[in-house]
Amino acid sequence: MADSVAEQLTRILDDYGDDVKNVARKDAKKAGRETAKELKNVSPKDTGEYASGWAAKQVDEDTVTVYNRKMPGLAHLLEKGHLIRNKKGTYGRSPAHPHIADVEKEQVEQFISNVERDLQR
């Protein structure tokens, strides 16, 4: 007996959904690697091993995380600035060195563009 139009359409949409998942996973891995690479280039270099510490890892099937494995606590402090204590005991403020937000925005846009391009193939 022939499948109904609804059953055929459901099967087509399920197959397309699987294609979207596979493309997004592949492009997410690539975006993670590219983000870590770009952060290594733009991170402040006068902070020891911080700039070279960027890495990407696959947390689970659908999640890629970019993190600094050498100095993880420093990322937020550099990006946003922080309070410091002077030798005299008074407090000052360390200036922010924004470098993560710009790279993140650029890579999210690139990821979306890559997924759209790969789905059109």
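Biologist: Is Asp118 buried or exposed in this model?

Modeller: Keep in mind that we're looking at a predicted model. Buried here means under 20% relative accessible area. Asp118 comes in at 10% relative accessibility, so it counts as buried.

Biologist: Which side chain does Asp118 meet in a salt bridge, at 3.0 Å?

Modeller: Side chains of opposite charge can pair when their charged atoms come close. For Asp118 the N to O distance is 3.0 Å. The pair links distant parts of the chain, with Asp118 in helix α3 (residues 100-120) and its partner in helix α1, 92 residues apart. That partner is Lys26.

Biologist: How accessible is Lys26?

Modeller: Lys26 is found in helix α1. To be exposed, a residue has to be over 50%, and to be buried, under 20%. Lys26 falls in between, so it counts as partly exposed, at 46% relative accessibility.

Biologist: Which residues are linked with Lys26 in a network of salt bridges?

Modeller: One link is the salt bridge of Lys26 with Asp27, at 3.1 Å from N to O. Asp27 is buried, with a relative accessible area of 2%. Another link is the salt bridge between Lys26 and Asp118. The residues in the network with Lys26 are Asp27, Arg117 and Asp118.

Biologist: How far apart are the C-alpha atoms of Lys26 and Val115?

Modeller: Along the chain, Lys26 and Val115 are 89 residues apart. Val115 is one of the buried residues of α3, and the buried residues of that helix pack against α1. Lys26 is itself in α1. The C-alpha separation of Lys26 and Val115 is 9.0 Å.

Biologist: What does Asp62 pair with in a salt bridge of 2.7 Å?

Modeller: Asp62 is exposed, at 55% relative accessibility. Asp62 lies in the loop between β1 (54-60) and β2 and its partner in helix α1 (residues 5-42), so the pair ties together parts that are 37 residues apart in sequence. That partner counts as partly exposed, at 22% relative accessibility. Its name is Arg25.

Biologist: How many salt bridges does the count come to?

Modeller: Among them are the Asp62 and Arg25 pair and the Lys26 and Asp27 pair. The bridge between Asp118 and Lys26 is also one of them. The count comes to 5.

Biologist: Back to α3, then: what should its 21 residues span, and how far apart are its end C-alpha atoms?

Modeller: The check takes 1.5 Å a residue for the 21 residues of α3. The expected span is then 30 Å. The end C-alpha atoms agree with that, as they are 30 Å apart.

Biologist: Where on α3 do the buried residues fall?

Modeller: The buried residues in α3 are Val103, Gln107, Asn114, Val115 and Asp118. An α-helix has 3.6 residues a turn, so residues three or four places apart point the same way. The face turned away from the buried side carries the exposed residues Asp102, Lys105 and Gln120. Seen down the axis, the buried residues of α3 line one face, within an arc of 100 degrees.

Biologist: What does Gln107 touch, leaving out residues up to four places away in sequence?

Modeller: Gln107 sits in helix α3 and is buried, at 10% relative accessibility. Its C-alpha atom is 7.7 Å from that of Glu34, although the two are 73 residues apart along the chain. With those neighbours left out, Gln107 touches Ala31, Glu34 and Thr35.

Biologist: And what does Thr35 touch, with the neighbours left out in that way?

Modeller: Thr35 lies in helix α1. It is buried, with a relative accessible area of 11%. Its contacts beyond four places in sequence are Val66, Val103 and Gln107.

Biologist: Which elements give two or more residues to the largest nonpolar core?

Modeller: In soluble globular proteins, nonpolar side chains tend to be buried together. Here the largest nonpolar core has 7 residues: Ala36, Leu39, Tyr50, Trp54, Ala75, Leu78 and Val103. Elements that give two or more residues to this core are α1 and α2 (74-80).

Biologist: Which element has the lowest mean pLDDT?

Modeller: Across the chain, pLDDT averages 91, and 98% of the residues score at least 70. Strand β2 (residues 63-68) has the highest mean among the elements, at 96. The lowest mean, 85, belongs to strand β4 (residues 91-94).

Key
Residues numbered from 1 in each chain as written. Predicted model: local features only at pLDDT ≥ 70, side-chain atom pairs only at ≥ 80, totals over all residues. Heavy atoms only, no water. pLDDT = per-residue confidence, 0-100. Helix = DSSP H or I, 4+ residues; strand = E, 2+ residues; numbered from the N terminus. Salt bridge = Lys/Arg side-chain N within 4 Å of Asp/Glu carboxyl O. Buried < 20%, exposed > 50% of the residue type's maximum accessible area, 1.4 Å probe, protein only. Expected span 1.5 Å × (residues − 1). Arc of directions from axis to C-beta. Contact = heavy atoms within 4.5 Å. Core = buried A, V, L, I, M, F, W, Y, C linked by side-chain atoms within 4.5 Å.
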